[in-house]
Amino acid sequence: MDRARSVAALAVGGAVLATALLWAVAQILGIDLRVDPRNGQPPGVISLPFAATLTLALSLLGWGTRALLNRLTRRASVIWAVIAVLVLLVSFLPLFAVEATGGTKAILALMHLAVGAVLIPVFGRRTA
């Protein structure tokens with residue numbers, strides 16, 4: 001595996017690890033990661049497997065997007081940064097649409113920020 005792929009794979013792992021660590025912090029602090037979608041469905045619990053799997057899937061999608069951009073344009077870094085920041089901002093919208101405690105919303109927001117903080121700069125590098 002070349003260096004760029006190794007770094008990208010480490011970033012994906014780092015994003016999943018960041019999510020898992022924040023999930024663990026929530027458990028230590030006694031924050032119940034339960035959200036009510038306010039659509040008649042019962043509240044859902046954000047479990048560690050759910051959070052980690054979703055982070056992994058979306059991180060791999062981000063990596064694939066960056067790889068595709070590398071093939072399609074010379075401005076892949078700039079386009080990636082714009083797309084990634086927009087996706088990060090849009091990812092906060094569900095936090096406003098669900099019923100949850102302040103602690104739950106804070107941990108979920110920190111998860112989003114942590115994943116973005118890992119992936120955006122790493123995938124934004126010219127060699128990503």
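The expected span of a helix is 1.5 Å times one less than its number of residues. Helices (H or I, at least four residues) and strands (E, at least two) are DSSP runs, numbered from the N terminus. The structure above is a predicted model, in which local features need pLDDT of at least 70, side-chain atom pairs count only at pLDDT 80 or more, and totals for chains, interfaces and linings use all residues. Residues are numbered from 1 along each chain as its sequence is written, and side-chain values use heavy atoms, with hydrogens and water left out.

**Exercise 1. The overall layout**

Work out which elements the protein chain contains and in what order they run.

Solution. Start with the tally: the protein chain has five helices and two strands. Now read from the N terminus, and the order is α-β-β-α-α-α-α. For the dimensions, the C-alpha atoms fill a box of roughly 45 × 25 × 20 Å along the principal axes. Finally, look at contacts (heavy atoms within 4.5 Å). Of those in the protein chain with a separation of 6 or more, 72% join residues 24 or more positions apart.

**Exercise 2. Helix 1**

Check the span of helix 1 against 1.5 Å a residue, then find which of its residues are buried.

Solution. First the span: helix 1 has 26 residues and should therefore cover 38 Å, and its end C-alpha atoms, 36 Å apart, agree with that. Next, burial: buried means under 20% relative accessible area, exposed over 50%, and partly exposed in between (1.4 Å probe, protein chains only). In helix 1, the buried residues are Ala8, Ala11, Val12, Ala15, Ala18, Thr19, Leu22, Trp23 and Ala26. These buried residues pack against helix 2 and helix 5. Last, step past the end of the helix: Gly30, just after helix 1, has a positive phi of about 75°.

**Exercise 3. Helix 2 and Thr55**

Describe how helix 2 begins and packs, and then place Thr55 within it.

Solution. Begin at the N-terminal end, where Ser47 caps helix 2 with a side-chain oxygen 3.2 Å from the backbone nitrogen of Phe50. The helix has 25 residues and reaches 36 Å from first C-alpha to last, close to the 36 Å expected. Its buried residues are Ala51, Ala52, Thr55, Ser59, Gly62, Arg66 and Leu69. They pack against helix 1 (3–28), helix 3 (76–91) and helix 5.

Now zoom in on Thr55, which sits in helix 2 (residues 48–72). Thr55 counts as buried because its relative accessibility is 10%. Its side chain reaches the backbone oxygen of Ala51 at 2.8 Å. Setting aside neighbours within four places in sequence, Thr55 touches Ala15, Val16, Thr19 and Val115.

**Exercise 4. Phe123**

Is Phe123 buried or exposed, and how far is Phe123 from Ala15 in space?

Solution. Locate the residue first: Phe123 lies in helix 5 (residues 102–124). With 0% relative accessibility, Phe123 counts as buried. Then compare sequence with space: Phe123 and Ala15 are 108 residues apart in sequence, while their C-alpha atoms are 12 Å apart.

**Exercise 5. Arg38**

Find where Arg38 lies and what its phi is.

Solution. Arg38 belongs to the loop between strand 1 (34–35) and strand 2 (44–45). Its phi is near 55°, a positive value in a residue other than glycine. Arg38 counts as partly exposed because its relative accessibility is 49%.

Definitions and conventions
Polar contact = N/O pair within 3.5 Å; in protein donor to acceptor, adjacent residues only side chain to side chain.
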